[in-house]
Number of protein chains: 2
Amino acid sequence: MLDPDAPSTLIARMGEAARGAAATLAISSDARRAAALARAADALRAARARILDANAVDVARADAAGLAPAMLDRLRLDDARVEGIAAAVAAVAALHDPLGQVIDTATRPNGLVLSRVRVPIGVIGIVYESRPNVTADAAALCVRAGNAAILRGGTEAIESNRAIHAAFTDGLVAAGLPAEAVQLVPTTDRAAVGAMLAADAHIDLIIPRGGKSLVARVQAEARVPVLAHLDGINHVYVDASADADMARAIVLDAKMRRTGICGAMETLLIDRDFARPPMLVAALQQAGCEVRGDQALRALVPGTAAAEPADWDTEYLDAICSVALVGGVDEALAHVARHGSGHTDAIVASNPRVAEHFLARCDSAIVLWNASTQFADGGEFGLGAEIGIATGRLHARGPVALEGLTTYKWIGRGSGQVRG
Amino acid sequence: MLDPDAPSTLIARMGEAARGAAATLAISSDARRAAALARAADALRAARARILDANAVDVARADAAGLAPAMLDRLRLDDARVEGIAAAVAAVAALHDPLGQVIDTATRPNGLVLSRVRVPIGVIGIVYESRPNVTADAAALCVRAGNAAILRGGTEAIESNRAIHAAFTDGLVAAGLPAEAVQLVPTTDRAAVGAMLAADAHIDLIIPRGGKSLVARVQAEARVPVLAHLDGINHVYVDASADADMARAIVLDAKMRRTGICGAMETLLIDRDFARPPMLVAALQQAGCEVRGDQALRALVPGTAAAEPADWDTEYLDAICSVALVGGVDEALAHVARHGSGHTDAIVASNPRVAEHFLARCDSAIVLWNASTQFADGGEFGLGAEIGIATGRLHARGPVALEGLTTYKWIGRGSGQVRG
């Protein structure tokens with residue numbers, strides 16, 4: 001007997017509605033999906049006052065509950081942020097349709113013509129935290145690629161999410177798509193997240209959007225496949241052949257441009273034969289970064305704080321950098337293989353043979369030569385947007401945008417072929 | 001404290017060795033991997049007597065234990081079967097290298113050149129049953145795509161698998177690849193399978209090869225991603241516009257060519273307006289197939305047995321076919337969506353608009369027009385081989401061969417770009 005009030009019953013009911021909507025989306029035209037997102041953007045703009053009112057309720061409640069200022073800032077909306085949400089949805093509307101694309105096609109000797117054609121994944125669950133913009137961002141990317149979405153945002157943003165979701169689905173319906181294409185889990189019961197993670201019959205993919213504890217919980221509990229990254233323990237290796245000015249610029253940008261994003265450098269590896277390690281350390285320190293060095297670095301740059309063993313495995317997301325001297329590119333690669341998280345790692349080098357050696361052997365989702373790790377972003381990669389960055393090894397890696405939200409099917413066109 | 005004898009400790013130790021071997025494989029040349037498989041094929045041929053001796057031990061033990069004749073046949077090797085195993089490995093050696101292939105490349109406005117390049121997945125676990133040939137087949141495909149393999153075959157084939165595995169790794173080592181590239185779980189303890197399924201830190205992908213109960217267990221228990229299909233409940237829909245002779249040939253081939261394979265038709269859907277449903281039923285019956293019809297069919301073809309509700313959800317893998325009359329292509333699609341398993345479904349139709357309607361809307365991994373469902377096979381699809389057929393929606397669908405055993409990484413080549 002199903003408990004009609006159980007979270008699993010709720011998610012199953014939402015999942016069935018989503019499956020129906022996904023079938024409609026899968027055969028909808030590019031024009032209709034694009035129009036639906038344009039309408040959703042319009043509806044979000046038109047609902048600005050209602051969204052801000054709802055957000056004020058969330059913010060007041062969160063403030064009274066003593067939410068940290070950084071969390072309050074993520075939660076808070078204003079005119080500009082609502083416009084940003086609407087503009088992002090409109091930008092996704094303008095992206096190139098991934099569906100129906102023929103990946104490859106071949107005619108077999110018996111005349112059977114086989115093609116692989118991009119189709120939507122189906123039903124995608126998004127689990128996120130306090131940022132209300134994810135409600136619209138994630139929904140837009142899912143719908144653009146023909147997927148139905150089941151959204152579960154943070155409890156502290158529930159009123160904002162409801163208002164954004166209502167406007168968004170108004171836009172979908174105005175363009176003739178089903179409202180069930182994007183559903184918001186109505187309850188703030190945490191058990192609903194567990195029910196989503198277990199709903200492998202109803203949800204094809206879960207994408208967590210948020211901090212490490214959320215991602216860790218999702219990865220630990222999910223029966224549904226998960227697209228995510230847990231850590232961005234990213235390295236920049238400065239080779240002996242590196243141009244010193246370029247190395248300085250890349251190291252500063254990789255660490256200090258924004259310290260809190262997943263593409264930020266956390267560990268700097270410097271070739272023992274690089275001419276000026278102290279210059280790189282001084283540049284970081286002058287930019288306000290705390291440097292924690294290994295023994296060899298500290299011998300070279302007296303007064304540097306000591307890195308503990310745990311430092312090499314730490315994603316600081318802050319103005320702190322662990323720095324080690326290494327004996328060339330292979331020692332750097334060994335360090336990255338041991339301590340990295342497979343997210344984004346870079347080499348700065350003028351010697352192309354050393355650089356290509358690094359690019360071929362570094363096993364991370366994104367490997368860069370003479371460029372900052374902070375480029376790890378779907379927009380910067382020319383994908384138009386991103387639903388997240390994946391460090392797993394299956395389906396999609398690195399920045400995931402519309403293509404990563406699709407799969408393919410085989411279509412065979414024959415003239416009566418039998419296997420015989 | 002780790003129990004040194006626990007299956008999880010064994011799998012962790014094997015997983016670490018596999019990870020090291022995978023790193024070597026990932027940067028090995030195409031020529032070396034191809035040579036290693038050619039050497040492995042030679043070594044299998046040279047070890048024929050030893051393999052047959054080992055197999056005789058397995059067969060005698062299984063016979064004494066009362067193994068069913070069909071299982072004994074799967075287990076039993078002879079000269080021709082050993083030659084077949086070696087020839088299959090040699091054929092995989094000759095396949096085109098999937099690694100290093102540039103999927104796409106683009107230069108960003110800032111000059112950063114971004115490419116997606118095919119790389120191996122890493123460590124692949126294969127869990128299989130009594131067929132000893134899987135030991136060599138699966139290992140060959142994994143190694144060809146640069147992956148290390150951890151193999152866990154059936155208890156009843158352990159001596160055969162050991163002999164095949166020893167010859168195979170002799171070939172790898174002779175070509176300069178590490179023996180740990182292909183490891184055989186040495187114990188027949190069933191808990192070792194559980195340990196593999198839980199080893200998400202050490203194994204990147206599990207591929208079960210065997211019957212439904214094995215696949216169901218793997219899918220239910222695995223923390224590691226799984227590539228597989230559970231059922232092949234495949235449909236052929238015969239449209240009113242179908243050529244009657246073509247329909248007859250395809251229906252007979254799809255059902256009766258081999259009834260025990262996953263690509264066999266299990267349900268025949270006939271358009272009420274098709275001229276000759278009784279002819280199709282008679283053709284099946286004359287070929288020795290038991291027909292179970294819905295009420296409408298039984299009214300049209302008196303004496304046909306009645307299909308129970310469970311028949312529409314049954315993979316017979318036998319000379320039995322459920323048959324229903326439907327009111328056109330949309331009713332056929334609704335039946336497939338409700339009862340199908342997403343494996344392979346076909347339409348027979350002369351009207352291209354009806355056929356394309358079906359091809360676009362049927363959501364299965366393989367959708368065919370005017371061709372037999374028994375083409376669902378990597379060899380028939382021109383992939384050279386297959387590690388299995390996947391009905392999941394992520395990573396790879398339908399027949400999975402070398403490309404499905406790879407992933408990609410992003411490589412960016414810059415000239416000092418910073419995000420700024």
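Two strands count as paired if DSSP finds at least two bridges between them. Keep that in mind for Trp369(A), which stands opposite Arg413(B) in strand E16(B). What you're looking at is a predicted model, with a chain A and a chain B that fit onto each other with an RMSD of 0.1 Å. Here's a quick tour, starting with how the chains relate and ending with one sheet and its helices in chain B.

**How the two chains relate**

- To lay chain A on chain B, you turn it by 180 degrees and shift it 0.0 Å along the axis. That is the relation of a two-fold axis.
- Which residue of chain A comes closest to the rotation axis? It's His395(A), with its C-alpha at 1.8 Å.
- The copies meet through the same surface, because 100% of the interface residues of chain A are also interface residues in chain B.

**Where they touch**

- Chain A puts 52 residues into the contact, and chain B puts in 52 residues as well.
- On the chain A side, helix H10 (244-256), helix H14 (352-361), strand E13 (366-371) and strand E16 (406-417) each chip in with at least two residues.
- E16(A) gives the most to that side, with 11 residues.
- Sorted by class, the side of chain A that touches chain B holds 26 nonpolar, 15 polar and 11 charged residues.
- Strand E13(A) runs parallel to strand E16(B) (residues 406-417), and five bridges join them. This is the pair where Trp369(A) and Arg413(B) face each other.

**A sheet built from both chains**

- One open sheet has 10 strands, in the order E1(A)-E2(A)-E16(A)-E13(B)-E12(B)-E7(B)-E8(B)-E11(B)-E9(B)-E10(B), and its pairing is mixed.
- What stands at the edges of this sheet? Those spots go to strand E1 (102-107) of chain A and strand E10 (305-306) of chain B; each has a single partner strand, so one side of each is left without a neighbour in the sheet.
- Within this sheet, E7(B) (residues 234-238) and E12(B) (residues 344-348) pair in the parallel sense over four bridges. Val238(B) sits opposite Val348(B) in E12(B).

**Domains in chain A**

- Chain A splits into domain 1 (7-227 + 399-411) and domain 2 (234-380).
- The C-alpha centres of these two domains of chain A are 35 Å apart.

**A four-stranded sheet in chain B**

- Chain B also has an open sheet of four strands with parallel pairing, in the order E5-E4-E3-E6.
- Strands E5 (182-184) and E6 (205-209) of chain B are at its edges with a single partner strand each, so one side of each has no neighbour in the sheet.
- From one strand to the next, the twist averages 20 degrees.
- Five bridges join E3(B) (residues 123-128) to E6(B), and the two run parallel. Gly125(B) has Ile206(B) in E6(B) as its bridge partner.
- Helix H6(B) packs on this sheet, touching E3, E4 (148-152), E5 and E6 of chain B, and its direction makes about 160 degrees with that of E4(B).
- Helix H7(B) (residues 158-174) packs on the sheet too, touching E4 and E5 of chain B, at about 160 degrees to the direction of E5(B).

**Helix against helix in chain B**

- H5(B) (residues 79-93) and H6(B) (residues 133-144) pack at an angle of about 10 degrees, with their axes 9 Å apart. That makes H5(B) roughly parallel to H6(B).
- From H5(B), the residues involved are Ile85(B), Ala88(B), Val89(B) and Val92(B). They meet Asn133(B), Ala136(B), Asp137(B), Ala140(B), Leu141(B) and Arg144(B) in H6(B).
- The residues in this contact of H5(B) with H6(B) come out as seven nonpolar, one polar and two charged.

How values were computed
Residues are numbered from 1 along each chain as its sequence is written. Chains are lettered from A and ligands numbered from 1 in the order in which they are written. This is a predicted model: local features need pLDDT of at least 70, side-chain atom pairs count only at pLDDT 80 or more; totals for chains, interfaces and linings use all residues. Axes are lines fitted to C-alpha atoms, for helices over the stretch in contact, and angles run from 0 to 180 degrees between N-to-C directions. Angles under 35 degrees count as roughly parallel, over 145 as roughly antiparallel, 65 to 115 as roughly perpendicular and the rest as oblique. Two residues are in contact if their C-beta atoms, placed from the backbone, lie within 7 Å. Ala, Val, Leu, Ile, Met, Phe, Trp, Tyr, Cys and Pro count as nonpolar, Asp, Glu, Lys and Arg as charged, and the others, Gly among them, as polar. Copies are superposed by least squares on the C-alpha atoms of residues with pLDDT of at least 70 in both. Domain bounds come from an automatic or database domain assignment.
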